[in-house]
Amino acid sequence: TGSLVIAVDGTSGSGKSSTSRGVADRLGLRYLDTGAMFRAMTWWLLREGIDVRDTAAVAAAAGRPTIESGTDPLGPTITVDGTDVSVEIRADEVNAAVSPVSAVPEVRARLLDLQREAIGGGGIVVEGRDIGSVVWPQAEVKVYLSADPDARAQRRTAEQGGTDVASTQQSLLERDRIDSGRATAPLTMAEGAVHVDSTHLTLAEVIDRIVALAEARP
Ligand code: C5P
């Protein structure tokens, strides 16, 4: 499994993070959360007071922050200019701004370089929206993870200890709409990807399926 790359793409809240971390842990691989990188960029833009709807301003600023991701599946870390922002990047303001920011080509180009650098020689599970289609189309295993909106909203709300399932669902679907509709690297099922619908599966069952796909490689 030395150079193996497993790409896990899919809709918001479909369980990509828990699944990818579980698979990486089982197979002794590293783990990269590319969504955390887009969130870190968004957090930094908001903190700098840059209008995230101003595409030109976002494009001009995209090269400024230093973003670094750890790749330990048991304790992923994300820093911006040396500050750990693992908690801050999950805030509602970031959820609301991250999809418009991620649609800006200069943001994607900047993070694409960092992502490919982190993947390096492989041995890693990478989760996102465009991993199997754009970031690493040569990945040996590609998964497209989905789940019904009700299931996704319920899980995400429970995870955050909240109660407002309807507004969580609205936020997830709005991100899906923007992520699927953008011109650059939209969310899509990559060529060669295996579709796993996790609506009626437990986390352990989803992890088992992907581990089996990795072990069944020629
Ligand atoms: O995976 P997560 O939900 O944390 O990603 C947050 C957002 O980052 C997505 O809704 C999407 O806008 C963006 N993203 C992306 N490409 C990726 C990963 C995430 O555009 N590979």
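**A ligand, a helix and a strand**

An oxygen atom of the ligand sits 2.9 Å from an N or O atom in the side chain of R129. Keep in mind that this is a predicted model. R129 is not alone. R182 also brings a side-chain N or O atom to 2.8 Å from an oxygen atom of the ligand. T34 deals with another kind of atom: a side-chain N or O atom of T34 is 3.0 Å from a nitrogen atom of the ligand.

How much of the ligand does the protein bury? Taken alone, the ligand exposes 450 Å². The protein buries 97% of that area.

Now look at the residues around the ligand. There are 16 of them. The closest are R39, R108, R175, D179 and R182. Sort the shell by class and you get 8 charged, 6 polar and 2 nonpolar residues.

Which element gives the most to this shell? The answer is α2, with 4 residues. Three elements each give two or more residues: α2 (34–47), α4 (92–102) and α8 (165–181).

Follow α2 next. This helix has 14 residues. From its first C-alpha to its last, α2 reaches 20 Å. That is close to the 20 Å expected at 1.5 Å a residue. At the N-terminal end, D33 acts as a cap. A side-chain oxygen of D33 lies 3.1 Å from the backbone nitrogen of G35. Past the helix comes G49, whose phi is positive, near 75°.

Why is α2 described as largely enclosed by the rest of the structure? Buried here means under 20% relative accessible area. In α2, 11 of the 14 residues are buried, so the helix is largely enclosed. Among the buried residues are T34 and R39, along with W43 and W44. You have met two of these already: T34 has the side-chain atom 3.0 Å from a ligand nitrogen, and R39 is one of the closest residues to the ligand.

Now turn to strand β7, residues 141–146. Here 6 of the 6 residues are buried, so β7 too is largely enclosed by the rest of the structure. Both faces are covered. On one side, V141, V143 and L145 are buried. On the other, K142, Y144 and S146 are buried.

Which strands pair with β7? One is β1, residues 5–10, in the parallel sense over 5 bridges. In that pairing, G10 stands opposite L145. Another is β8, residues 194–197, also parallel, over 4 bridges. There, S146 stands opposite D197.

Terms used:
Residues are numbered from 1 along each chain as its sequence is written. This is a predicted model: local features need pLDDT of at least 70, side-chain atom pairs count only at pLDDT 80 or more; totals for chains, interfaces and linings use all residues. Side-chain values use heavy atoms; hydrogens and water are left out. A residue is near a molecule or strand if one of its heavy atoms lies within 4 Å of it. A polar contact is a pair of N or O atoms within 3.5 Å; within protein, one must be able to donate a hydrogen and the other to accept it, and residues adjacent in sequence count only if both atoms are side-chain atoms. Accessible areas come from the Shrake-Rupley method with a 1.4 Å probe; for residues, only the protein chains shown count as cover. Ala, Val, Leu, Ile, Met, Phe, Trp, Tyr, Cys and Pro count as nonpolar, Asp, Glu, Lys and Arg as charged, and the others, Gly among them, as polar. The expected span of a helix is 1.5 Å times one less than its number of residues. Buried means under 20% relative accessible area, exposed over 50%, partly exposed in between (1.4 Å probe, protein chains only). Two strands pair if DSSP finds at least two bridges between them.
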